[in-house]
Amino acid sequence: MKPEQDALFPPAPVSVATSGGEPRFGTYQGELPEVDLPRLQGQWAPGRTTRLLKRKRWHYTFAATPEVAALFAVVDLGYTSSAFAVALDLRERKPLCDVSFLGTPGPMVVLGDKPGQGLKASFRTLGGRLSVQRGENDERYRVAVDVSRLRTGSLQSFQWEGDMMVAGGPPALTVVAPVEGDGLVNVTMKSNGLLTFGSLEAGGKRFRLDGGVGGMDYTQGYLARHTAWRWAFASGRLADGTPVGINLVEGFNEGNADANENALWLGDKLYPLARARFEYDAKDLMAPWWLATVDGAVDLRFQPLHVHREDRNLRLVVSHFAQPVGFFNGTVRVGSRTLELSNVPGVTEDQDMLW
């Protein structure tokens, strides 16, 4: 048996909770049907006030071709909501659009409990919408984004219509992890290495997304009042055309030995990666980042081309959020193979939240 075939995760459970109401902490392969946090019992079942203040949900979508990278996020904090969208010209290495929105809960944001089939994630702005959905029996995610905003004296617009194919792609990664501090449980389902189709218009340019590669991050949990992490997410192709995706995190979902969201998507397979470490200059996020795993299997350099920032002090919510967009270069060792990554598009993230 090949080493790669030994490195598979157990299948995702049908529920976050066991029959006794305890969380099924661990790392799994495949889609979780529903993030059914209300099934948790005992010490894992928060009261009404805790649910309101600590339950956080977001959905993040990323796609890239050799010409362009596009991303957007929908965030529901219970008492407030937000969204942002960024497009970057990878040939000219400059941003095409970078817009952010704040909103109220309720009708402005929709973010359901189904991370895969049945997903509904959307945010409405004045005259615009950011949306990604998937039917109950559908094998593709459907993206529909049409937003514009006057910023720095010019109108920035972003239109994305397309699909991200689940059929034929690698399995999703599902992680159920305890939350350190005054949090309880966090659940994340990440997909990557998905083929993209459709079109993108931003910065007065139009791009085809056919043949691109992308991924998604659905996260929901009862998180700590103070939460911070470093994150990296890459989607692209190797030199031979094989779709590749990477997810690395430091400082989050690390409170249980069995829960680890560091992973590699290669072709139609999903492989585990060891705990990750990030080195970067927090005062100069445009400087190169270095990312590695503790076992030395991952050795990557990330060169930012643009940084999306959101620093807010709303009293109840104080956020430092910075997400550079750029290229990953370096090596990833999987079993007996060493993969060479060359200008694979993706993002890193430096986040510190009081929410």
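Which residue lies over the face of Tyr 141? Arg 134 does, at 5.0 Å from the ring centre. The legends below describe close-up views of a predicted model.

**Figure 1. Arg 134 and Tyr 141 in the predicted model.** The view takes in one arginine and one tyrosine ring. Arg 134 sits over the ring face of Tyr 141. The distance to the ring centre is 5.0 Å.

**Figure 2. Confidence along the chain.** The average pLDDT of the chain is 94. A score of at least 70 is reached by 97% of the residues. Residues 1–7 have a pLDDT below 50. Beyond near neighbours in sequence, this stretch has 10 contacts in the model.

**Figure 3. An edge-to-face pair, Tyr 60 and Trp 231.** The whole structure contains 14 aromatic pairs. Among them is the pair of Tyr 60 and Trp 231. Their rings are 5.3 Å apart, centre to centre. The planes make an angle of 85 degrees, and planes over 60 degrees apart count as edge-to-face. This pair links distant parts of the chain. Tyr 60 belongs to strand E2 (residues 55–64). Trp 231 belongs to strand E15 (residues 226–237). The two residues are 171 residues apart. Both Tyr 60 and Trp 231 are buried.

**Figure 4. An aromatic cluster of four residues, Trp 58, Trp 229, Phe 252 and Trp 355.** Three tryptophans and one phenylalanine make up this cluster. Trp 355 also appears in the cavity view, among the lining residues closest to the centre of the largest cavity.

**Figure 5. The largest cavity.** The structure holds 1 cavity of 30 Å³ or more. The volume of the largest cavity is about 440 Å³. It is lined by 29 residues. Closest to its centre are Val 75, Phe 321, Gln 351, Met 353 and Trp 355. Several strands each supply at least two lining residues, including E2, strand E3 (68–76), strand E4 (81–89) and E14. E15, strand E21 (298–313), strand E22 (318–334) and E23 each do so too.

**Figure 6. The largest pocket.** About 310 Å³ of space lies in this pocket. Its lining comprises 21 residues. Pro 66, Arg 237, Ser 342, Asn 343 and Pro 345 are the closest to the pocket centre. Strand E14 (212–222), E15 and strand E23 (337–354) each give at least two residues to the lining. The largest share, 6 residues, comes from E23.

**Figure 7. Two asparagines with positive phi, Asn 253 and Asn 343.** Asn 253 has a phi near 55 degrees, a positive value in a residue other than glycine. Asn 253 is in the loop between strand E16 (243–250) and strand E17 (263–266). Its relative accessibility is 3%, so Asn 253 counts as buried. Asn 343 has a phi near 50 degrees, also positive in a residue other than glycine. Asn 343 lies in strand E23. Its relative accessibility is 37%, so Asn 343 counts as partly exposed. Asn 343 is also one of the residues closest to the centre of the largest pocket.

**Figure 8. Val 334 in strand E22.** Is Val 334 buried or exposed? Val 334 is buried, because its relative accessible area is 7%, and the cut-off for buried is under 20%. The C-alpha atom of Val 334 is separated by 35 Å from the C-alpha atom of Glu 161. Along the chain, Val 334 and Glu 161 are 173 residues apart.

Methods
Residues numbered from 1 in each chain as written. Predicted model: local features only at pLDDT ≥ 70, side-chain atom pairs only at ≥ 80, totals over all residues. Heavy atoms only, no water. Phe/Tyr/Trp six-rings, centres within 6.5 Å; stacked < 30°, edge-to-face > 60°. Helix = DSSP H or I, 4+ residues; strand = E, 2+ residues; numbered from the N terminus. Buried < 20%, exposed > 50% of the residue type's maximum accessible area, 1.4 Å probe, protein only. Lys NZ or Arg CZ within 6 Å of the ring centre and 35° of its normal. pLDDT = per-residue confidence, 0-100. Contact = heavy atoms within 4.5 Å. 1 Å grid on protein atoms, 1.4 Å probe; cavity = no way out; pocket = protein on both sides within 12 Å on 5 of 7 lines; lining within 4 Å. Points joined across faces, edges and corners; volume = space filled by probe spheres on them.
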